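The following account leads the reader through one protein model, passing from its backbone to its side-chain contacts and its surface. The sequence and the structure are shown first.

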Amino acid sequence: MTEERITTKKNTSRARFVVMAAGVLAFAAVAAAVMCGATEGFDDGVRFFFYDLRSETLTVIARIITYMGNWQSIVALCLILLIIKPTRIKYGIPVSAAALFVTIANKVIKMIAERPRPDEIYRLIEEDGFSFASGHAITSMCVFGLLIYLVRRNFQNRAAANVLTVVLLIPALTIGVSRIYLGVHYPTDVLAGWCLAIAVIAAVAEITERLRERRKA
């Protein structure tokens, strides 16, 4: 391996650690602001903006999108990636491990924060449990965001990789937004979920690359 390539790998690894740290710090900042009650103005401004957009058509679309982030949908996707042999190692195992980790982590976070959901009068679907952070937002961003990384890492066809990146980016972002629109989460619930998910994506990417190098050795 040339010195230039070694330097590039070190810089890339360092960048992933920076992203991971930034994600964790951003999550901590949002969580602290929520616990201190300093996010009411931001939350109300954003969520009522989405409430004002409500229509029968948008509500149907939002419900379809949010169901893509349900645990049943995520489990089904992970199982498909694990069952299909060509995708098992490169996609199924890292994505499933990441999804399991963020699911457990988010349950712990919810028990600690104990933030109530928005009032029922604003909800367009039924949800129970605590609000912070959004499980749909963190899981969808983690799963689809990690898939984007893995697709761009493994696909030789750049055009196909670019198309899949756009396709995967849509649910990664819109599932979280749908939770705000449907009135079951505050914007900071979603924002915190995205921040933590980005940190996990960077961590899993680093672990994946190190395991890849070990297999080559």
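Ala-133 lies in the loop between α5 and α6, and this loop is a convenient place to begin. The model is a predicted one. The peptide bond that leads from Phe-132 to Ala-133 is cis, its omega being near -5°.

Phe-132 also leads to the aromatic contacts, since a search of the whole structure finds 5 aromatic pairs. In one of them, the rings of Phe-27 and Phe-132 have centres 6.0 Å apart and planes at 25°; this angle is under 30 degrees, so the pair counts as stacked. The two partners come from distant parts of the chain: Phe-27 belongs to helix α1 (residues 3–35), Phe-132 to the loop between α5 and α6, and 105 residues separate them. Both Phe-27 and Phe-132 are buried. A further pair has another geometry: the ring centres of Phe-49 and Phe-50 are 5.4 Å apart and the planes stand at 80°, so this pair is edge-to-face. Phe-50 has a relative accessible area of 19%, and because this value is under 20%, the residue counts as buried. Ring pairs also join Phe-48, Tyr-51 and Tyr-122 into a cluster.

The helix that precedes the loop deserves attention next. Helix α5 covers residues 85–113, 29 residues in number. From its first C-alpha to its last it reaches 40 Å, close to the 42 Å expected at 1.5 Å a residue. Where does α5 bend? The bend, of about 50°, is at Tyr-91, and a proline, Pro-94, follows within four residues. Just after α5 comes Glu-114, with a positive phi of about 50°, although Glu-114 is not a glycine. This residue lies in the loop between α5 and α6. Its relative accessibility is 48%, so Glu-114 counts as partly exposed.

Charged side chains provide another set of contacts, with a count of 8 salt bridges. One of them joins Glu-206 and Arg-16, at 2.8 Å from N to O. Glu-206 lies in helix α8 (residues 187–216) and Arg-16 in helix α1, so this salt bridge ties together parts that are 190 residues apart in sequence. Both Glu-206 and Arg-16 are buried. The two residues also belong to a network of salt bridges that links Arg-16, Glu-206 and Arg-210.

A second salt bridge returns to the loop between α5 and α6. The closest N and O atoms of Glu-127 and Arg-179 are 2.8 Å apart. Here too distant parts of the chain are linked, for Glu-127 is in the loop between α5 and α6 and Arg-179 is in helix α7 (residues 158–181), 52 residues apart. Glu-127 has 26% relative accessibility and so counts as partly exposed, whereas Arg-179, at 1%, counts as buried.

Within helix α8, Glu-209 and Arg-212 are 3 residues apart, about one turn of the helix. They form a salt bridge whose closest N and O atoms are 3.7 Å apart. Glu-209 is buried, with a relative accessible area of 9%, and Arg-212, at 13%, also counts as buried.

The surface completes the picture. Which residues form a nonpolar patch there? The patch consists of Trp-71, Val-75, Leu-79, Ile-80, Ile-83 and Ile-84, which together have about 610 Å² of accessible area. Val-75 lies in helix α4 (residues 71–83). With a relative accessible area of 37%, Val-75 is partly exposed.

Terms used:
Residues are numbered from 1 along each chain as its sequence is written. This is a predicted model: local features need pLDDT of at least 70, side-chain atom pairs count only at pLDDT 80 or more; totals for chains, interfaces and linings use all residues. Side-chain values use heavy atoms; hydrogens and water are left out. Patches are made of residues with over 30% relative accessible area and no salt bridge: like charges are joined within 9 Å, nonpolar side chains (Val, Leu, Ile, Met, Phe, Trp, Tyr) within 5 Å. Accessible areas come from the Shrake-Rupley method with a 1.4 Å probe; for residues, only the protein chains shown count as cover. A salt bridge is a side-chain nitrogen of Lys or Arg within 4 Å of a carboxyl oxygen of Asp or Glu. Helices (H or I, at least four residues) and strands (E, at least two) are DSSP runs, numbered from the N terminus. Buried means under 20% relative accessible area, exposed over 50%, partly exposed in between (1.4 Å probe, protein chains only). The expected span of a helix is 1.5 Å times one less than its number of residues. The bend at a residue is the angle between axes fitted to the seven residues ending there and the seven starting there. Rings of Phe, Tyr and Trp (its six-membered ring) pair if their centres lie within 6.5 Å; planes under 30 degrees apart count as stacked, over 60 as edge-to-face and the rest as tilted.
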